[in-house]
Amino acid sequence: MSNRRPYVGGNWKMHGELAGAVELTENVAAAIGEAVEAVDVTLFPPFPYLQAVGHALRQAGIGLGGQDCSPHLEGAHTGQTSPAMIADLGGSAALIGHSERRNELGEPDALIAAKTRAAIAAELQPVVCVGETMGEREAGNALQVVERQVRAALEGLTAAQVGTAVLAYEPVWAIGTGITATPDDAQSAHSMIRSLLGELYDAGLADSVRIIYGGSVKAANAAELFSAPDVDGGLIGGASLKVDEFASICRAAVSA
Ligand code: PGA
């Protein structure tokens, strides 16, 4: 890690029910405590619980985000949630391009780029997820795939706009599998992404954007992963549903 402020996101995916979401939020806020002074923490609950989780967060200093957003700002788009609606409920961020949406729903790069632009237009922080499948890695194409995804997601954005984003490198084979990338594998993807930002924009922007790692991060491996120089924190799935695990991961990000 560097002098970039660390970032940890808790992606709850499609888990839980209302009462449990509120309880988890209160317990996470209490367990993280003052660590929030040194790490940006954002919770991404399921959409139906966004407002309740926002209320439960109160003054905890923890951010709130949607797990997705529409590429449209408003209109006849049945079943979608606009970035402005997320902001209206107190949200400040949106996950975009998570591999579970790319793969289960077939979200293409162009749609992910449109969602990124919509989030920025509504002044939400886009947390843009990229990452290769095991097949792509085994074929030796991991870095090319990630580069294509980053280029596509940022297409047409200015340096100032990209400066509001967080990029999440999440190798698909590491998500929910218990298999984590090695710190060296994570570092090589992260440093490629940072060089690409330097090439597309400038060195100052490349140095300032947070690039976080996701894929089976736990309390037991967080410190090692976050010690890689270009890993600025994590996007946490399964372990974000466990209060002590998630709080330890946030503390590991502070001390990395
Ligand atoms: P995981 O999920 O931590 O359960 O592997 C990470 C993610 O999908 O963001």
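Which residue forms a salt bridge with Arg101, and how far apart are the closest N and O atoms? In this predicted model, the partner is Glu107, and the closest N and O atoms of the pair lie 2.8 Å apart. Glu107 is buried, because its relative accessible area of 7% falls under the 20% cut-off.

Stay with Arg101 for a moment, as its side chain also meets that of Asp68 in a salt bridge, at 3.2 Å from N to O. This contact links distant parts of the chain: Arg101 belongs to helix H4 (residues 99-104), while Asp68 sits in the loop between strand S3 (63-66) and helix H3 (83-88), and the two residues are 33 apart. How accessible are these two partners? Arg101 has 25% relative accessibility, so it counts as partly exposed. Asp68, with a relative accessible area of 10%, is buried.

Now let's move along to Arg148. Its side chain pairs with that of Asp109 in a salt bridge of 2.8 Å, N to O. Because Arg148 lies in helix H7 (residues 142-154) and Asp109 in helix H5 (residues 109-121), the pair ties together parts that are 39 residues apart in sequence. Arg148 is partly exposed at 43% relative accessibility, whereas Asp109, at 18%, counts as buried.

Finally, have a look at a group of charged side chains. Arg4, Arg194, Asp207, Asp230 and Asp232 are joined into one network by salt bridges that share partners. If you would like to trace the other pairs yourself, the count for this model comes to 19 salt bridges, among them the Arg101–Glu107 pair we started from.

Technical notes. Residues numbered from 1 in each chain as written. Predicted model: local features only at pLDDT ≥ 70, side-chain atom pairs only at ≥ 80, totals over all residues. Heavy atoms only, no water. Salt bridge = Lys/Arg side-chain N within 4 Å of Asp/Glu carboxyl O. Helix = DSSP H or I, 4+ residues; strand = E, 2+ residues; numbered from the N terminus. Buried < 20%, exposed > 50% of the residue type's maximum accessible area, 1.4 Å probe, protein only.
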